[in-house]
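Open your viewer and get ready to make a few selections. We will go from the surface to the interior, stopping at charged pairs along the way.

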Amino acid sequence: PVMVGLSTALRMAPMFFLGLLSGSVADRLNRRRLLQVVTLLGCVVSIAMAFLLITNAAEIWHVLVLAASGGCIWTFTFTTRQALTYDMVGTEHALNALSLNDLSHRIGGVFGSILAGVLIVTVGTGGQYIVITICFVVAFTVLLLTRNVAQFAPVNRQSILSNLKSYIRLIRGNRTLMTLMLLTSATEVFGFTNQSILPIFARDVLGVGAIGLGVMTAVRQAGGALGLIILANLGNYRSKGVLTFISVIGFGLSQMALFLTSIWVFFLIILATINAFASIADTLYKMIMQENVSNEERGRAMGAWVLSIGVSPVGHIGIGAIAGIFGAPGAILINGSILTVIGITTMVGLPKIRRLE
């Protein structure tokens, strides 16, 4: 269990440590080509894991190194993909495009999780990584065949080091970006970490076991997808600042509502609601961050977003510790209350963010 936790931490840690660098690189290079390169590197990591597992040569340190490598690749992928999406559609359709981008990610997560379980049972973990490698190859091929869309933001020809220095100046000087980074981190720590204690709800509170946990996971993803569909249909919606605060407050309140029910059907409805608000808030953060920097700094804005969500291990550890003392319902009530208070106080106290369009 300790090694599993360590491998997860190593996979997530690059988001915190490489968030700024990934943004600088995304502004320095052609984003389409950069996404092709990191996709190809993902293929290399997965085939290496497959080889080690199939030949029974895998040791703990192999897995840890490859987990950290995969985390580095995903850090650059997340940053580049968000900025490239904006490049392809421009400001007017960015909200729709980012929503659909996240929606596809969630749908892939649902079917991918189910397929992974089937593959592990039928062909083993090594065989599963062969299929993952094939998926990377398909993605790389699609990127090669995609027409070379003009990059909406000009490529910054400064060196990476110069980009990093200007990055620090950007964060220090752009209070809107800094505020959104802090709100993103708070939402990550007190909101998205609720998934860590769902197994405890399934076993100890609802008594539904592993099958019930699978249903809960599917409902989570479905709720998130519903939120993204709603957001994608808003078009070039005004008052994005107000909508962001509403979604954060709704995120917190719906978490608090889980404390009040142990009825299976109501629990699932509330769980779907939680993740609808969560998806809306997360997508709006990314959208507004990119809208409130200059065109050539949008890669760095998405690097700032990746850095902000990189604090999630703190939240996972925290909610686990709280659940150990007060139980899972108590932990979700405390985190939901804190997030609600953060949403209300920032909405009242930050009129500049509230007025963002």
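**Start at the surface patch**

Select helix H5 to begin, since H5 gives the nonpolar patch its largest share, four residues. Keep in mind as you look around that this is a predicted model. To bring up the whole patch, select Val-44, Ile-47, Ile-54, Ile-130, Ile-134, Val-138 and Val-142; together these surface residues have about 580 Å² of accessible area. Helix H3 (31-54) and H5 are each the source of at least two patch residues.

Now pick Ile-47, which sits in helix H3. Is Ile-47 buried or partly exposed? With a relative accessible area of 38%, Ile-47 is partly exposed.

**Colour by confidence**

Switch the colouring to pLDDT. The protein has a mean pLDDT of 83, and 92% of its residues reach 70 or more. Helix H3, where you just were, has the highest confidence, at 93. The lowest is found in helix H6 (residues 160-173), with a mean of 72.

**On to the salt bridges**

Side chains of opposite charge can pair when their charged atoms come close. How many salt bridges does the structure hold? There are four, and we will visit some of them.

Show Asp-102 and Lys-286 as sticks. Their closest N and O atoms are 2.7 Å apart, and the two form a salt bridge. This pair joins distant parts of the chain: Asp-102 belongs to helix H5 (residues 94-145) and Lys-286 to helix H11 (residues 264-291), with their positions 184 residues apart. Asp-102 counts as buried because its relative accessibility is 12%, under the 20% cut-off. Lys-286 is buried as well, at 1%.

Leave Lys-286 on display and add Asp-282. These two also form a salt bridge, with 3.9 Å between the closest N and O atoms. Both residues lie in helix H11, four residues apart, which is about one turn of the helix. Asp-282 counts as buried, at 15% relative accessibility. With three residues now on screen, you can see a network of salt bridges that links Asp-102, Asp-282 and Lys-286.

Next, move along to Glu-291 and select Lys-240 with it. Here the closest N and O atoms of the salt bridge are 3.9 Å apart. This is another link between distant parts of the chain, with Glu-291 in helix H11 and Lys-240 in helix H10 (residues 240-258), 51 residues apart. What is the exposure of the two partners? Glu-291 is partly exposed at 25% relative accessibility, whereas Lys-240 is buried at 1%.

**Into the nonpolar core**

Hide the charged residues and select Leu-177, Ile-197, Met-216, Phe-267 and Met-289. Among the 49 residues of the largest nonpolar core, these five touch the most other members. Helix H11 contributes the largest share of this core, 10 residues.

Centre the view on Leu-177. Leaving aside residues up to four places away in sequence, Leu-177 touches Leu-170, Ile-171, Met-289, Val-293 and Ala-304.

For the last stop, select Val-38, Val-45, Met-49 and Phe-76. They are among the 13 residues of another core, which lies apart from the largest one.

Notes
Residues numbered from 1 in each chain as written. Predicted model: local features only at pLDDT ≥ 70, side-chain atom pairs only at ≥ 80, totals over all residues. Heavy atoms only, no water. Salt bridge = Lys/Arg side-chain N within 4 Å of Asp/Glu carboxyl O. Buried < 20%, exposed > 50% of the residue type's maximum accessible area, 1.4 Å probe, protein only. Core = buried A, V, L, I, M, F, W, Y, C linked by side-chain atoms within 4.5 Å. Contact = heavy atoms within 4.5 Å. Patch = residues over 30% accessible without salt bridge, like charges linked within 9 Å, V, L, I, M, F, W, Y side chains within 5 Å. Areas by Shrake-Rupley, 256 points an atom, 1.4 Å probe, with all protein chains shown as cover. pLDDT = per-residue confidence, 0-100.
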